[in-house]
Structures are given as C-alpha cells and as structure tokens.
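Colleague: I am new to this structure and would love a guided look at one part of it. Could you take me there slowly and then show me how that part sits in the rest?

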Amino acid sequence: MDTTPELGVHSQSTYDTPSRGQSSLRRVIGSATAGTFIEYYDFAIYGAMAPIIAKAFFPNADPVVALLSTFAVFALAFVARPLGGFVWGPIGDRIGRKRTLSAIILLISIATVLIGLIPDYHAIGIAAPIALVVLRLVQGLSAGGEIAGAAIFVAEHAPARRRGFLVSWLQVATTAAFLSGIFVAAAVAALLSDDAMQSWGWRIPFLLAGPVGLIGLYIRLKVDETPSFQSVKRDAAVARTPLVAALRGRANLAEMGYAAAYYMPVLVSFYLLMTFMPTFLKKEMNFTAATSLLIIAIAGSIQMIAVPIFGKISDIIGRRVLLRLTAGGFIVLTVPAFLLLNSGDLRQAALGLILLALPTSAAQANNLTPALERFRTNIRFTGSAATLGVLAALFGGTAPYISTYLIEITGSPLAPGIYLILTVLPSLVVSFFVSETANRALPD
C-alpha cells in the first residue's frame, strides 16, 4: 500500500534546507543552469533558423506553408514534453535529482548535434523531415524533465528566504540561451553567403551544442544530491509509484491547478519574444535581420537584469501578489506594446518589446519556485514536471504557430497580443485564491 502523504499540506515540522555556503550554492546553480541553457539554446537556434530549415526540409512553393510546417515541428518537441514530464518526473523522484538531470543533459545534447547532421530533403527526400521530427521529439522528451528538475535541484539546496531569488537564475539562463542562439545564428549568417548558409552553414549552431553539453554534464556530475532527497531516501520515504501518488486525490489535482496558474503567464509571452519575434520583425515589419537582432537583444538584456530582481521581490512580497501584478501587467501593457511594434519605427519597436519584456521577466521569476513549492519531496519532480510539460505542449510550443496563423487569417499583427492577454486571465483569477508558499519550508 502506498503511504505517500497528500500534496499541499505544509507541516510546521517540515524539513527545511539549512543555509549553505556561497561557493556551494554557486556550484549548485551552475550545474542546474548548464542543462537549462542547452535546452533553450536549441529552441533559439531552431527559431532563428526557421526560414532556412523550412527550405531545407519542407521545400514548398508557398513560403508561408513551409514556415508553418517548420513551426509545427518546433511545436512537436512540446507535444513530447508531457510524456517527458511523466517519464523523468517519476525517475527523478525515485533515483534522485542529480542522476536524472545528468541523463537529461546528455540526451538533449546528442539530439541537438544529430539535427545538425541530418541530410536535407534534396539529399534523402522524405526521410529528412522524418528524421527532424524524430529528433525534435527526443529533445521534447528530454526537455520535459529539464527545467522543472533543475529548479527543484536549486530549491532543495537553497535556504527558504532566498529560494525565489536563487531559482530565478535558471530563467536568466533561458534568456541568455535564447540570445546566444540568436547571436550565433546571426554571426554564422553574416560570415557566410546565402548559398553556403542554406547548404551547410545552418548546421554550425546545432553542432556547437555538443561541447557545451559535455561541459554541462561534467559540472552536474561534480555536485552533491539535494539534502531533501537524501533525507527522503534515508527515511525510506521514496514513493514506489510517484505518478500514481501525484495524480491521486482531489487535493493533489488542485495543487497541480495552482501550479499551472503560475506557469501560464510565462509560456506564451516568452516564446513570443524569443522565438516568434525574430520572424515577426523581419516578415511583418520588414526590419533587416541585424535590426531585428538589435531590438531583441535590448529586450532580452533587460529581461536578464529584471528576472533576479523579480525573484527577490517574490521572496519579499510573496508569490501570490507578484502573480497578480504580473497578470495585470500583461493585460495593461500588451496592446500598447504591439501597437508600438507595428509602428515601423525602430525606437518605438524597441520600446514595445521592452514593455512585453517587463511582465515576462516577472512571470519568469515567479513560476518555477511557487509551482514546486506546492509538492512534497517524494513527488515534487513528478508533480512539477508533469504539470509544466502539459502546459508547455498546449501553449508554449504552439505560440509561434498560433501567432503566425492568427496574423494570416485576421490580417492583424495585433492578434498575437490579444491571444497573450486571454492566456493570462485565468492566472489573474487564481491569484486571489491560491495559498502563499514564500519563505516557508518545502513540504516534506
């Protein structure tokens, strides 16, 4: 009989991670961010290379159809994420965070490098897009456990009073990874001719994931398992069937719903900024590639600065209040931001992206920590990863496709902004009902 306790019950005697030395915490954060960087670097280069990949793997007379096909394959990785969450979550709750995260970063790196080695459609025909789909599914399967597991790894090492701030550095890594991917893609495009870029140059950014992944794996193998998991293992409290335990009972499902409210605001906004915008600014606004990169770099840099600030704020004012402010920020700022983006003026477009970047930064800083704080140690990985995986499949990976499609059928470049507002409304409502978890011991 499984004796796993219910989710969401915060005992006063709950185990709280003791404060660790700064050097130890830096190693923990470094090991966690390494895999997260690789995961989002891949998504960035895929998005930045979308027009080239469309020609290489989906040769079609209609460029819109080819681009939609490319974004559909981008979304496929997210379709696999729920499966990844359901696979890696229970593994992480049974064998530990460190070993699971080491396996994940190795698999992500291998799949990304192999994408850079696939012959194109003209060389092997239909086998080319099939291979691309398979590898994107492998990436999605791996990513389904990466960022949720990395956040748990940091949180279970961190003192309660700094948990939001320390975990938020993972989201700095995601933005840095996207900017790095976009810059690498732009640099390769600037150095090579169009023919060389279409023939083999697009492969370089994917191949670079190999050595970076090996470095990340080495770092992860050098850190200790989390005190929380060691405690659960020592007390023989590891759940035999974490997935069954996480899905059992109304209270458990309610906790997943509350976690989802924190995840939602960042999913569409982040992928609109970092994956859809490079194409949007070039295709809809007719900016050059260099200009588009400059605008995104400005907004991304502000995001990286703002995320840990909002992470610290979440430790001070609480997760619920920041969730409320974040959702309200999107509702107030999104339409003005898109109006500025559609002005055709460089400075106004940059201001528009900054207006989107600010609430996105708050959402990034305040999603992983409050979500994992809902779950007990022996099902924390499963509950967090499964919830995030499902939502990422439904809203994150589909954001570029849906945005492109909405513009196509409505003729309005404002359509993605309206879609973004609709996705954050449920979180605003839930923010008035969810219990606070900041500055409390993690559930045991």
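Colleague: Here is the part I have in mind: is the crossing of H1 and H7 left-handed or right-handed?

Modeller: Happy to walk you through it, and please keep in mind that this is a predicted model. The crossing of H1 and H7 is right-handed. Looking at the residues that form the contact of H1 with H7, 20 are nonpolar and five are polar, while no charged residue takes part. To find the pair in your view, look for H1 at residues 22–48 and H7 at residues 163–191. Their axes come within 7 Å of each other, and the angle at which they cross is roughly 35°.

From here we can step from H7 to another helix. Thr175, whose number falls within the 163–191 range of H7, is one of the residues touched by Gln303. Gln303 itself belongs to helix H14, which covers residues 289–317. Leaving aside residues up to four places away in sequence, Gln303 also touches Phe270, Leu273, Met274, Ala357, Thr360, Ser361 and Gln364. Is Gln303 buried or exposed? Its relative accessibility is 0%, so Gln303 counts as buried.

Some of those neighbours lead on to H13, the helix of residues 250–283. Asn252 is found in H13 too, and Asn252 counts as buried because its relative accessibility is 0%. Asn252 also shows how the chain comes back to itself: Phe375 is 123 residues away along the chain, yet the two C-alpha atoms are separated by 8.5 Å.

A similar pairing appears towards the end of the chain. Pro443 sits in the segment after H20. With a relative accessible area of 1%, Pro443 is buried, since the cut-off for that is under 20%. Pro443 and Ser228 are 215 residues apart in sequence, while their C-alpha atoms are 9.8 Å apart in space. The segment after H20, a helix of residues 415–430, also holds Asn439. Asn439 is partly exposed, because its relative accessible area is 40%. Its phi is near 60°, a positive value in a residue other than glycine.

Ala236 has a positive phi as well, near 55°, and is likewise not a glycine. You will find Ala236 in the loop between helix H11 (227–234) and helix H12 (242–247). Ala236 counts as exposed, because its relative accessibility is 70%.

Now let us step back to the whole. The protein has 20 helices and zero strands, so the crossing we began with is a meeting of two members of that helical set. Of its 444 residues, 59% count as buried, and Gln303 is one example, at 0% relative accessibility. Among contacts between residues at least 6 apart in sequence, 86% join residues at least 24 apart.

What about the overall dimensions? Taken along the principal axes, the C-alpha atoms fill a box of roughly 65 × 45 × 40 Å. A compact globule of 444 residues would have a radius of gyration near 22 Å, and the protein has 21 Å, which means the two agree. Finally, the accessible surface comes to about 16,200 Å², and carbon and sulfur atoms account for 69% of it.

Technical notes
Residues numbered from 1 in each chain as written. Predicted model: local features only at pLDDT ≥ 70, side-chain atom pairs only at ≥ 80, totals over all residues. Heavy atoms only, no water. Axes fitted to C-alpha atoms, helices over the stretch in contact; angles between N-to-C directions. Helix = DSSP H or I, 4+ residues; strand = E, 2+ residues; numbered from the N terminus. Left-handed = near helix turned anticlockwise from the far one by under 90°. Nonpolar A, V, L, I, M, F, W, Y, C, P; charged D, E, K, R; others polar. Rg over C-alpha atoms; globule rule 2.2 N^0.38 Å. Buried < 20%, exposed > 50% of the residue type's maximum accessible area, 1.4 Å probe, protein only. Contact = heavy atoms within 4.5 Å. Areas by Shrake-Rupley, 256 points an atom, 1.4 Å probe, with all protein chains shown as cover.
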